[in-house]
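Me: I am new to this structure and would like to go through it step by step. Could we take it as a set of short questions?

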Amino acid sequence: MPIIIAVAHQKGGVGKSTLAANLSAYFVKNGTNSAVVDADIQGSITNLVDTFGENDAFGSIRLIPRTAYDRFEELKDRPEDILFIDTPPYLSTDLDDIFLNSDYVLVPTKISPLDMLAIEATIELLDDVKEKKPELLVGIVINLVNKSEGFLEHIKEHLKGRGVIIQDTVITKRTEFQRSFLSGSIFESPDKKAQKEIAELAEDILMKLEGVEQETIGTPVESSVEETADAPTNPVEETKSKSIV
Ligand SMILES: Nc1ncnc2c1ncn2[C@@H]1O[C@H](COP(=O)(O)OP(=O)(O)O)[C@@H](O)[C@H]1O
Ligand SMILES: [Mg+2]
């Protein structure tokens, strides 16, 4: 049964599709069976793969289009080890179903007072789902930051006590995240720094799924991309064997 991670926020432009595609690509690059599930029949990853890729693949992006499955429950029977669901940027009745069938919900946000307010609606929706599924983990990741910004502590303070994880990895605004979609994922680009951020976020999520305390996390950022390139490992298999009893 695959680990299922939904990337959600009912606002467009926060990086849901970008992160879902690149996180999945990170695992594909490491030899893990991973794919992006488009929850939207006209979703942007489906458009991207239809336009530039072939056979539901584009670089390291593997797509499961909305037409490939009927109910979200069916995703649990898929052969992949880890799935990332890219969700639409509007309040859809599908969201409840998606969350109930997910292990982790990653909520990307930009950083500004207005974005802080916008995230409330998603957190409240997830609070309702957690009443039915208390084990569901919710992680907030700050995306599209400029180097000079230091908002991580601010957002941690703002969302303290809300039962959400604030991912320590912050994703920087980098042109290559946009440009790389001409050839596939960020792992088909030369931008090692962007690759490293995605690798660190991916490993961070896996560790949270393993139940490792946030304080103890110190992903060896410097080495993660190079190491995996030299000696492919299967991080998901390791997590599954440790966490699924
Ligand atoms: N970290 C980033 N750096 C630069 N551009 C980004 C980054 N994340 C997302 N983008 C760009 O921002 C826009 C919105 O991202 P997208 O993933 O489509 O958001 P969503 O799926 O939430 O609507 C796209 O043009 C995308 O290329
Ligand atoms: Mg999108």
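The turns below go through a predicted model, from its sheet to single residues.

Me: In what order do the eight strands of the open sheet stand?
Reply: The sheet is open and its pairing is mixed. Strands of a sheet pair through backbone hydrogen bonds, either parallel or antiparallel. The order is β3-β4-β2-β5-β1-β6-β7-β8.

Me: Which strands stand at the edges, each with a single partner strand?
Reply: A strand with a single partner has one side left without a neighbour in the sheet. That holds for residues 57-58 and for residues 165-166. The edge strands are therefore β3 and β8.

Me: Which residue in β4 stands opposite F58?
Reply: β3 and β4 (residues 61-64) run antiparallel, and two bridges join them. The residue opposite F58 is I61.

Me: Which strands does helix α2 touch where it packs on the sheet?
Reply: Helix α2 covers residues 44-52, and its direction makes about 115 degrees with that of β4. Its contacts include β2 (34-38) and β5 (82-86). The full set is β2, β3, β4 and β5.

Me: What angle does the direction of helix α7 make with that of β7?
Reply: Helix α7 (residues 192-210) also packs on the sheet. The strands it touches are β1 (3-7), β6 (104-109), β7 (137-142) and β8. With β7, the angle is about 160 degrees.

Me: Is β6 largely enclosed or exposed?
Reply: On one side of β6, Y104, L106 and P108 are buried, and on the other side V105, V107 and T109 are buried. Six of the six residues of β6 are thus buried. β6 is therefore largely enclosed.

Me: How many bridges join β6 to β7?
Reply: β6 runs parallel to β1, to which three bridges join it, and V7 has L106 as its bridge partner there. β6 and β7 also run parallel, with T109 opposite I142. The number of bridges between β6 and β7 is six.

Me: Which residues touch the most other members of the largest nonpolar core?
Reply: This core has 60 residues. Beyond its neighbours within four places in sequence, one of the two residues in question is in contact with L83, F84, S102, D103, Y104, L106 and I205. The two are I5 and V36.

Me: Which element gives the most to the shell around ligand 1?
Reply: The shell holds 16 residues, the closest being G15, K16, S17, T18 and F177. Two elements give two or more residues to it, α1 (16-29) and α6 (175-179). By class, the shell has five nonpolar, eight polar and three charged residues. With three residues, the element that gives the most is α1.

Me: Does K110 count as buried or exposed?
Reply: K110 lies in the loop between β6 and α4 (113-132). Leaving out residues up to four places away in sequence, K110 touches V14, D115, N143 and L144. A residue counts as buried at 20 or more C-beta neighbours within 10 Å. K110 has 20 inside that distance, so it counts as buried.

Me: How far apart in space are S183 and S60, C-alpha to C-alpha?
Reply: S183 sits in the loop between α6 and α7 and, with 13 C-beta neighbours inside 10 Å, counts as partly exposed. Beyond residues up to four places away in sequence, S183 touches G59, E188 and S189. S183 and S60 are 123 residues apart in sequence, and their distance in space is 9.5 Å.

Definitions and conventions. Residues are numbered from 1 along each chain as its sequence is written. Chains are lettered from A and ligands numbered from 1 in the order in which they are written. This is a predicted model: local features need pLDDT of at least 70, side-chain atom pairs count only at pLDDT 80 or more; totals for chains, interfaces and linings use all residues. Two strands pair if DSSP finds at least two bridges between them. Helices (H or I, at least four residues) and strands (E, at least two) are DSSP runs, numbered from the N terminus. Two residues are in contact if their C-beta atoms, placed from the backbone, lie within 7 Å. Axes are lines fitted to C-alpha atoms, for helices over the stretch in contact, and angles run from 0 to 180 degrees between N-to-C directions. A residue is near a molecule or strand if its C-beta atom, placed from the backbone, lies within 6 Å of it. Ala, Val, Leu, Ile, Met, Phe, Trp, Tyr, Cys and Pro count as nonpolar, Asp, Glu, Lys and Arg as charged, and the others, Gly among them, as polar. A nonpolar core is a set of buried Ala, Val, Leu, Ile, Met, Phe, Trp, Tyr and Cys residues joined through C-beta atoms within 7 Å. A residue is buried if 20 or more other C-beta atoms lie within 10 Å of its own, exposed if 12 or fewer, and partly exposed in between; C-beta atoms are placed from the backbone.
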